[in-house]
Amino acid sequence: MSKMPAVVQFSLAKNSVELREVPVPTIGDRDVLLRVRGVGVCGSDVHQWHGSQSWSVRTPVVLGHEFCGVVTAVGKDVTGFAEGDRVVSETAAEIDPDSPMTRQGLYNLDMKRRGFGYDLDGAMAEYVRVPARLLHRVPATVSDEIAAMTEPCCVAYQATVVNARIRPGDLVVVIGPGPIGLLCAHMARLGGAGKVVLVGVTRDRGRLDVGLKFGATHAADVQKDDVGKLITDLGDGLGADVIIDAAGASASLRSALEWVRPAGQIAKVGWGPQPLDFSIDLLVRKAVTLQGSFSHNWPVWERVLHMLGSGQLDPRPLLTRVARLPDWRPCFEGMHEGGIIKAVLTP
Ligand SMILES: [Zn+2]
């Protein structure tokens, strides 16, 4: 059996990720084998490297769920895709086809869903096995590296467009200037927001500056600036129409509840396992809509790929580093420390 290099998480302990030789995957009748052209490093990969993830991981597992590749083999029951097709893949690697959520097209919310890079082997390798139902074609104008960023763009589209309701002229606040927050700020502007305030902490300065060139009209540092006053001054004094919470700590909900206007909306896409220790009575007092956002589904992928193809969505300002697979570690470190916004590995 032939082998390939892969970035593998081999245990749940801290720092249990390394480059290993693993077998090239075999495919089933409904799968394709992809030669990986680009795979994005996600904050979740960095968490798994640190052993700080709040989701279950089956080890050993090849990391990587944001990827683009070329079809090199097709299972006998696959129709619609052939060798040589350049594609991206959705992330719900396994779903229950009969669950009520799947039957209504919301397989992203199927509670039995299993994903690449934590339950099943992902794409930080030369090859990855992908069920054909997950595939989407990549427009010819989109490079491999940018195609590998389709997934985070879909997360942002789902949070900002599907799960938030932004109207022209709205004052929108995005908390957390990681890749998802930056893409949400950009998407909010595309969706008609009048002003977009991107909020981070002092060590996020570089990312806030990128955000100002990428859709945000204002940037604020919660550790230095009076963000509440800024939001009051920018709008009509009542607060933000929509808050998109893309921070990795759930305590940000407290700020969101303060900054949102009465009858406004909070869309929460950032994960944080920490329990909360404050009252959410403001949610009631202001009659705020609190909306979670998780993952994405087929129509979102098609729409985002169309936007990437036309150039309406161009995430290049976020792509700080492209590196080969053996250089995974400096990419993970750079994303953790904030010097790299998004790294893409090219196996
Ligand atoms: Zn991700």
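In what order do the 6 strands of the open sheet stand, and is their pairing parallel or antiparallel? That seems a good place to start a friendly walk through this predicted model.

1. **The sheet.** The strands run in the order β11-β10-β9-β12-β13-β14, and their pairing is parallel. At the edges stand β11 (218-221) and β14 (289-292); each has a single partner strand, so one side of each is left without a neighbour in the sheet. On average, neighbouring strands of this sheet are turned by 20° against each other, with direction ignored.

2. **The β12 and β13 pairing.** If you want one strand pair to look at in detail, try this one. Strand β12 (residues 240-245) pairs with strand β13 (residues 260-268) in the parallel sense, over 5 bridges. Among the partners, Ile243 is bridged to Ile266 of β13, and Ile244 to Ala267 of β13. Strand β13 is mostly covered, with 7 of its 9 residues buried.

3. **A helix across the sheet.** Helix α5 (residues 179-190) lies across three strands, β9 (171-175), β10 (195-200) and β12. With respect to β10, helix α5 runs at about 170°.

4. **Helix α4 as a covered element.** Of the 13 residues in α4, 11 are buried, so the helix counts as mostly covered. The buried residues include Cys153, Cys154, Val155, Tyr157 and Gln158. Two further residues of this helix deserve a closer look, and they follow in the next two points.

5. **Thr160.** This residue sits in helix α4 (residues 150-162). Is Thr160 buried or exposed? Its relative accessible area is 3%, and because buried means under 20%, Thr160 counts as buried. The side chain of Thr160 reaches the backbone oxygen of Ala156 at 2.7 Å. Once neighbours within four places in sequence are left aside, Thr160 is in contact with Ile166, Cys184, Met187, Ala188 and Ile244. Ile244 has appeared above as the bridge partner of Ala267 in β13.

6. **Pro152.** Also in helix α4, Pro152 has 2% relative accessibility and counts as buried. Which residues does Pro152 contact, leaving aside its neighbours within four places in sequence? They are Glu66, Ile180, Leu183 and Lys342. For a longer-range reference, the C-alpha atoms of Pro152 and Arg321 are separated by 16 Å, while the two residues are 169 residues apart along the chain.

7. **The zinc site.** Glu66, just named as a contact of Pro152, is also one of the zinc ligands. The ion is coordinated by Cys42 through SG, His65 through NE2 and Glu66 through OE, at 2.1 to 2.4 Å. Along the chain, these donors follow the spacing C-x22-H-E. His65 is buried at 10% relative accessibility, and Glu66 is buried with a relative accessible area of 1%. If you plan to look at the coordination, please keep in mind that the site may look incomplete, because water is not among the atoms.

8. **Aromatic pairs: Phe67 and Phe116.** The count of aromatic pairs comes to 5. In one of them, Phe67 and Phe116 meet edge-to-face, at 5.3 Å centre to centre and with 90° between the planes. Phe67 belongs to strand β5 (residues 66-74) and Phe116 to the loop between α2 (100-103) and β7 (127-131), so the pair ties together parts that are 49 residues apart in sequence. Phe67 is buried, at a relative accessible area of 2%, and Phe116 is buried, with a relative accessible area of 2%.

9. **Aromatic pairs: Trp271 and Phe294.** Here the ring centres are 5.7 Å apart and the planes stand at 80°, so the pair is edge-to-face. Trp271 lies in the loop between β13 and α9 (281-285), and Phe294 in the loop between β14 and α10 (298-310); the pair therefore ties together parts that are 23 residues apart in sequence. How do the two rings fare for accessibility? Trp271 is exposed, with a relative accessible area of 56%, whereas Phe294 is partly exposed, at 34%.

10. **An aromatic cluster.** Finally, one aromatic cluster is formed by Trp49, Trp328 and Phe332.

Note on methods. Residues are numbered from 1 along each chain as its sequence is written. This is a predicted model: local features need pLDDT of at least 70, side-chain atom pairs count only at pLDDT 80 or more; totals for chains, interfaces and linings use all residues. Side-chain values use heavy atoms; hydrogens and water are left out. Donors are N, O and S atoms within 2.8 Å of the metal (3.2 Å for Na, K and Ca); water is not among the atoms, so sites may look incomplete. Buried means under 20% relative accessible area, exposed over 50%, partly exposed in between (1.4 Å probe, protein chains only). Two strands pair if DSSP finds at least two bridges between them. Helices (H or I, at least four residues) and strands (E, at least two) are DSSP runs, numbered from the N terminus. Axes are lines fitted to C-alpha atoms, for helices over the stretch in contact, and angles run from 0 to 180 degrees between N-to-C directions. Contact means heavy atoms within 4.5 Å. A polar contact is a pair of N or O atoms within 3.5 Å; within protein, one must be able to donate a hydrogen and the other to accept it, and residues adjacent in sequence count only if both atoms are side-chain atoms. Rings of Phe, Tyr and Trp (its six-membered ring) pair if their centres lie within 6.5 Å; planes under 30 degrees apart count as stacked, over 60 as edge-to-face and the rest as tilted.
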